[in-house]
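Got your viewer open? Let's take a walk through this protein, one selection at a time.

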Amino acid sequence: MLTESSAPAVVTAVQENVMVVRIDNPPVNALSQAVRAGLLAALEQAEQDPAVTAVLLVGQGKTFIAGADIREFGKPPQAPALPDVCNRIEASRKIVIAAIHGAALGGGLEVAMAAHYRLALPMAKFGLPEVNLGLLPGAGGTQRAPRLMGAAAAADLMLSGKHISAKAAQAAGLVDQLEQGEDPTAAGLAYAKALLAQGAAVRRTRDFTVASDATQKAAALAELDALAAATAKKTRGLFSPAKIIECVRAAIELPFDQGLALERSLFVECLSSPQREGLVHAFFAERETTKIPELQSAKPRALSRIAIIGGGTMGAGIAVAALDAGLPVVMVERDEASIQRGQANVEKVYDGLIAKGRLTPEAKAATMARYTPSTSYEAIADVDLVIEAVFEDLEVKKAVFVELDRVCKAGAVLATNTSYLDIDAIAAATKRPQDVIGLHFFSPANIMKLLEIVVPAKVSPDVVVTAFELAKRLKKVPVRAGVCDGFIGNRILAVYKQVADFLVEDGASPYEVDEAVRQFGYPMGPFQVTDLAGGDIGWATRKRRAATRDPQARYVEIADRICERGWFGQKTGRGWYLYPEGARVGQPDPEVLAIVDAERQKKGIKTRSFSADEIMRRYMAAMVNEGAKVVAEGIALRPLDVDVTFLYGYGFPRWRGGPMQWADMVGLDKLLADIEEFAKEDALFWQPAPLLKQLVAEGKNFSSLNRA
Ligand code: 3H9
């Protein structure tokens, strides 16, 4: 017999002495206030109902529980708090079972760990990913996970933020029982019955020990220290990992309640840290970029076979990304030697994975079976989408598009992988500009997540939607961009890169600039990046722009002097740095400093020193100011699109949320004041973006435009 009472987000039903507590809070059953209150009420109800002998927690939909409701962070807390809910579950006098069929993440896993028994179905996945949001598991997770799976394994789960499978969770001790099937209620009820038949008692995780004597404690602490050392590089600059380790240490050394109290206080510290704000912004921003206006009116076109024109590094990287996504790929090159090189570039990626033991030769063969090389455009007559990845030259690209227009079937999407060029002009080379779009991949294209989807004037909405669908298939993070020189990312890069050059000409060394940028949280400074990418690339762009450059604008020639010597960076053994014998980490080069000095003297510049803070104030002001112009011109839909571009394409530290979010957190008024001060030295370069001035005047910030 089934008796039912319902709360909006938690529904209970008593079924054969078991109270089934169903969390039903779409889309992912996040632990909102209503869910927390519903869980507490359900526990009370179960405790008081003599007909109930056990409680079964299940999630409705695809997910068990995806964790705390991230949208509530930063708002005033509302009772009941999640740690209290978890403690209440654990304290229940009737056995509580969690039956997990989907994601049990963060607070969701903490709820499960507070239950007395855990059952998992094959699609379940487990994780404590709070670190990705600048947090630590704050509802008992730091104390219960070590008790169930051991201190080092628990710390690893929390520091990496990784998800593990049901099988791995069982092996680790998080899960008691693994069952087949997809219905957590049926499997959970059967498990509950079996437990009751065995006379299973309430079993509280808090009563488990991590280490029961001094020797075990010492071993657990040593393992934890080793893990902390091993992960130090990956967690560099982050606030919460050290706090996670402190909590796990407490789980080893202190009684449960003291560990919980420490966890609480450190969680609150993390919650109020700016890193939490930055990381939560990044979480939502990367989901928002897929919400584009074209989606309201258009559906994607068919996408089952694609072609790539050009087998260089970029073309091969795109081919690998597409092959990995299961798409058949035709690669076209102009002659036999070039297509052989193209195929070799593709195979090199897979051979590298085989050498590292991450791919079998059989898997490579199965993937390469989807790859077709050709030297003839006729081979792509029936593909659904073509990506041109030939030399970055407008006339060369236009010639390719004339050919594509000639051979491709009607309705095929014709995409260009340009980083800077005018896609409207490329589209105009065809008789079907409605089918032409920009897909700006980042190198290496099989690894880098960002895909700028560049929308020219005449493209039809369904082509834009198809490009977003492709991004999803390739597991890329797409950002919609408008046509201009450099689109979102490279246009802004060109501006702050100039500031780096100004700083060097005015007195900072390139090594000081790089160091300041690294201290800010980037993995590399701008001069290191130039050396990695090849100085000749930027040199070619500067030459291309020379004719249109404002003669009044400040131009620093130091990089040109370096390139004139053939010093293009790592590939030539020297650039801004020296790379003896193919070293990947460069050494400062006294000859570069001499070139810098000579250029300063030539211009009669009176040099001065810059602190790391002064360097970053200029670097970031230039980035954000140009970002504001890009948003105002509609090149980026919202400030968050600029943020995601920089997080995924340019190494911007995720915990700062992106340049526009960073600016909001620093204060737009401060930033504008900086720009106005710098303008006293160079009013032409430092022109404040009208949007920035307007927001400051209205007392608003960039995030107000994200919500619009
Ligand atoms: C925590 O638990 C703290 C506790 O330790 C302590 C507390 C005291 N809240 O990703 P999707 C939204 S911290 C609110 O596209 P998928 C998401 O924004 C939390 N909203 O789907 C999107 O909304 P929209 C620790 C959330 O199938 C929609 O749901 N947990 C939350 O690709 C669909 O999301 C995590 O960090 C949330 N917790 O992936 C897990 N989660 O449709 C975070 C999602 O409006 N979540 N949304 O754009 C995930 O990793 C993925 O969402 C998940 C599903 C794997 C669950």
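Start with the ligand and the shell of residues around it. Select strand E6 (103-105), helix H3 (107-114) and helix H11 (274-288): each of them supplies at least two residues of that shell. This is a predicted model, by the way, so keep that in mind as you click around. Now, which residues come nearest to the ligand? Pick Gly 67, Ala 68, Gly 106, Gly 107 and Gly 138, out of the 26 residues around it. If you colour the shell by residue type, you get 15 nonpolar, six polar and five charged residues.

Stay in this area and click Leu 105, which sits in strand E6. Is Leu 105 buried or exposed? Leu 105 has 24 other C-beta atoms within 10 Å, so it counts as buried. Show its contacts too: leaving out residues up to four places away in sequence, Leu 105 touches Ala 66, Gly 67, Gly 127 and Pro 129. You can also draw a distance from Leu 105 to Glu 130: they are 25 residues apart in sequence, and their C-alpha atoms are 8.7 Å apart in space.

Time to zoom out. Colour the protein by domain: domain 1 is 2-271, domain 2 is 295-485, and domain 3 is made of 490-634 + 637-706. Between the C-alpha centres of domain 1 and domain 2 there is a distance of 44 Å.

Next, go for a sheet. Select strands E11 to E18, and you'll have eight strands that form an open sheet with mixed pairing. Going across the sheet, the order is E13-E12-E11-E14-E15-E16-E17-E18. Which strands are at the edges? They are strand E13 (371-374) and strand E18 (477-482), each pairing on one side only. Turn the sheet and look for its twist, which averages 25 degrees from one strand to the next.

Zoom in on one pair within the sheet. Strand E14 (residues 385-388) and strand E15 (residues 413-416) run in the parallel sense and are joined by four bridges. Click Ile 387, and you'll find its bridge partner, Ala 415, in E15. Then add helix H13 (residues 336-355), which packs on the sheet and touches strand E12 (329-332) and E13. The direction of H13 makes about 155 degrees with that of E13.

Now for some backbone oddities. Most residues other than glycine have a negative phi, and most peptide bonds are trans. Let's visit some exceptions.

- Select Ala 79 and Pro 80: the peptide bond between them is cis, with omega near -5 degrees. Pro 80 is in the loop between strand E4 (54-59) and helix H2 (82-91).
- Select Ser 443 and Pro 444: they are joined by a cis peptide bond, and omega is about -5 degrees. You'll find Pro 444 in the loop between strand E16 (436-441) and strand E17 (450-455).
- Select Asn 17: its phi is positive, about 70 degrees, although it is not a glycine. Asn 17 is in the loop between strand E2 (10-15) and strand E3 (18-23). Asn 17 has 16 C-beta neighbours inside 10 Å, so it counts as partly exposed.
- Select Phe 487: here phi is about 55 degrees, positive again in a residue that is not a glycine. Phe 487 is in the loop between E18 and helix H18 (489-506). Why does Phe 487 count as buried? Because it has 27 C-beta neighbours inside 10 Å, and 20 or more are enough for that label.

Notes
Residues are numbered from 1 along each chain as its sequence is written. This is a predicted model: local features need pLDDT of at least 70, side-chain atom pairs count only at pLDDT 80 or more; totals for chains, interfaces and linings use all residues. Two strands pair if DSSP finds at least two bridges between them. Axes are lines fitted to C-alpha atoms, for helices over the stretch in contact, and angles run from 0 to 180 degrees between N-to-C directions. Two residues are in contact if their C-beta atoms, placed from the backbone, lie within 7 Å. Domain bounds come from an automatic or database domain assignment. A residue is buried if 20 or more other C-beta atoms lie within 10 Å of its own, exposed if 12 or fewer, and partly exposed in between; C-beta atoms are placed from the backbone. A residue is near a molecule or strand if its C-beta atom, placed from the backbone, lies within 6 Å of it. Ala, Val, Leu, Ile, Met, Phe, Trp, Tyr, Cys and Pro count as nonpolar, Asp, Glu, Lys and Arg as charged, and the others, Gly among them, as polar.
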